[in-house]
Amino acid sequence: MKSKSTMALLLSAAMAGSLLAGCGSEKNDGASGDNSNQGEKAGKVYYLNFKPEQANDWIELAKEYTKETGIQVDVQTAASGTYESQLKSEMAKDDAPTLFQVNGPVGLATWNDYCYDLSDSQVYKYLTSDDYALKDGNEVKGIAYVIETYGIIYNKALLNKYFELPNAVVTSVDDINNFDTFKKVVEDIQANKDTLGIEGAFTSSGMDSSSDWRFKTHLANLPVYYEYQKDGITSTEAIKGTYLDNYKNVWDLYINNSTCEPSMISSKTVDDASSEFALGEAVFYQNGTWAFNDITGMEVADEDMGMLPIYIGVDGEENQGLCTGSENYWCVNKNAKEEDIKATLDFLAWVVESDTGREALANDMKFVTPFTTMTDYLPENPLVKANQEYNDAKKTPVSWNFTTMPSENWKNGVGSALLEYAQGTGTWDKVVESFVDGWGCKKSTRSL
């Protein structure tokens, strides 16, 4: 979802082609082609892509569309962590994006006035469920184009090696279905790391900008999700922090049973973590289905990759599945020229209905998509398979409530407090303060 081990190559290639927005470069001309036969009203597409790891894939797909139709498609990709600022900058220009994305309800609240109503669009008609549409009344303002899942990726071969130890806590992954058991397994693996030939139970919990989203957003989703479940709500203006002790317990488990000391995580990246897992230096790695591209083809065989739910120690978590949802919603700029809006809608329809587009989404980008046209187009991804196994077992997936989190500033505040706590320069009370007061400016009723 965020970064991959080959990301540096992708970004370098994109920058060389003047495609990355992060350095203020021009939009891609490589996919523009010759649309002189289309007439002045043929329209064009300008897509501001959110996902750096698919930058090259979108460029190549745009070229194919231009070759087939003659319609110009420009693709520009924001550097990791800069999408909102880049979108604001680009939307202020005369030649603004015709296609962009928001991350959910909070993102839509910011960009709603720019979003074209997609109710009559072909791509909306292909959507499998309205659960994957962002709506404002009866208007469809955004359409999810990728469904993603995250949890704790694990190395089956290393875990089986641990199970063979004479005093292993459990002897099967099926026995790990709650936080208490998982904690005992993790700590025992850490204690036996030399015997197992690893550097740590968990990969490094990097807190640089390429990695901190895994904890200030994805891990933070769990206490938010369970608070919402307990209170019977889907969003709130003032979070209570009911499950922040649970959040602390998981964070402590990560940083104290890792390939590195907690004091080192400020400089650790997501590439460090993916490399540690891919090279067999750690058993567990919190990330998602999108991380498969980071770790495949190295020391860990594809068939040795599995995924566990992130258990945090709540009642009934034995029936918990993986965290599943989307923060990637296509939006069409309603302020674009009429012919450009039409060109953009035609492009989106082609992406999800043509063989070329569907193969690119499933096989190149490795997306699981919520469109009826994509039933037979699923990525070869063992982590996707792991999620399907939880679904088949009727486990309850954890929804992505982080799309209701107040702002990027809130996430950054939580992330900074997590880092200070890990380094010993701050207390957990500061994390609670950032989480609760930063959310809704109200004091938690929770005892500190």
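This tour visits several salt bridges and then one helix, in an order that can be followed in a viewer. The model is predicted. Salt bridges in it number 16, and the stops below include some of them.

**First stop: helix α2**

Select residues 55-69, which form helix α2. Within this helix, display the side chains of Glu-64 and Lys-67, which meet in a salt bridge with an N to O distance of 3.6 Å. The two residues are three apart in the helix, and about one helical turn therefore separates them. Colour by accessibility, if the viewer allows. Lys-67 is exposed, since its relative accessibility is 65% and the cut-off for exposed is over 50%. Glu-64, at 34%, counts as partly exposed.

**Second stop: Lys-141 and Asp-136**

Move next to Lys-141, which forms a salt bridge with Asp-136; the closest N and O atoms lie 4.0 Å apart. Is Lys-141 buried or exposed? Lys-141 is buried, with a relative accessible area of 4%. Its partner Asp-136 is partly exposed, at 37%.

**Third stop: helix α11**

Select residues 244-256, helix α11. Here the side chains of Lys-248 and Asp-252 form a salt bridge, 2.9 Å from N to O. These residues are four apart in the helix, which places about one helical turn between them. Lys-248 is partly exposed, with a relative accessible area of 24%, whereas Asp-252 is buried, at 16%. Then display Asp-212, Lys-216, Glu-408 and Lys-411, which are joined into one network by salt bridges that share partners.

**Fourth stop: helix α17**

Select residues 408-423, the 16 residues of helix α17. What span should this helix have at 1.5 Å a residue? The expected span is 22 Å, and the C-alpha atoms at its ends are 22 Å apart, so the two values agree.

Begin at the start of the helix with Ser-407: one of its side-chain oxygens comes to within 3.3 Å of the backbone nitrogen of Asn-409. Continue along α17 to its buried residues, among them Trp-410, Lys-411, Val-414, Leu-418 and Tyr-421. Lys-411 is thus found both in this buried set and in the salt-bridge network displayed earlier. To see what covers the buried residues of α17, add α9 (213-219), α11 and α18 (428-440), which are included in that cover. Helix α11, the third stop, therefore comes back into view here as part of the cover.

Finish at Gly-424, which follows α17 and has a positive phi, near 85°.

Methods: Residues numbered from 1 in each chain as written. Predicted model: local features only at pLDDT ≥ 70, side-chain atom pairs only at ≥ 80, totals over all residues. Heavy atoms only, no water. Buried < 20%, exposed > 50% of the residue type's maximum accessible area, 1.4 Å probe, protein only. Expected span 1.5 Å × (residues − 1). Contact = heavy atoms within 4.5 Å. Polar contact = N/O pair within 3.5 Å; in protein donor to acceptor, adjacent residues only side chain to side chain.
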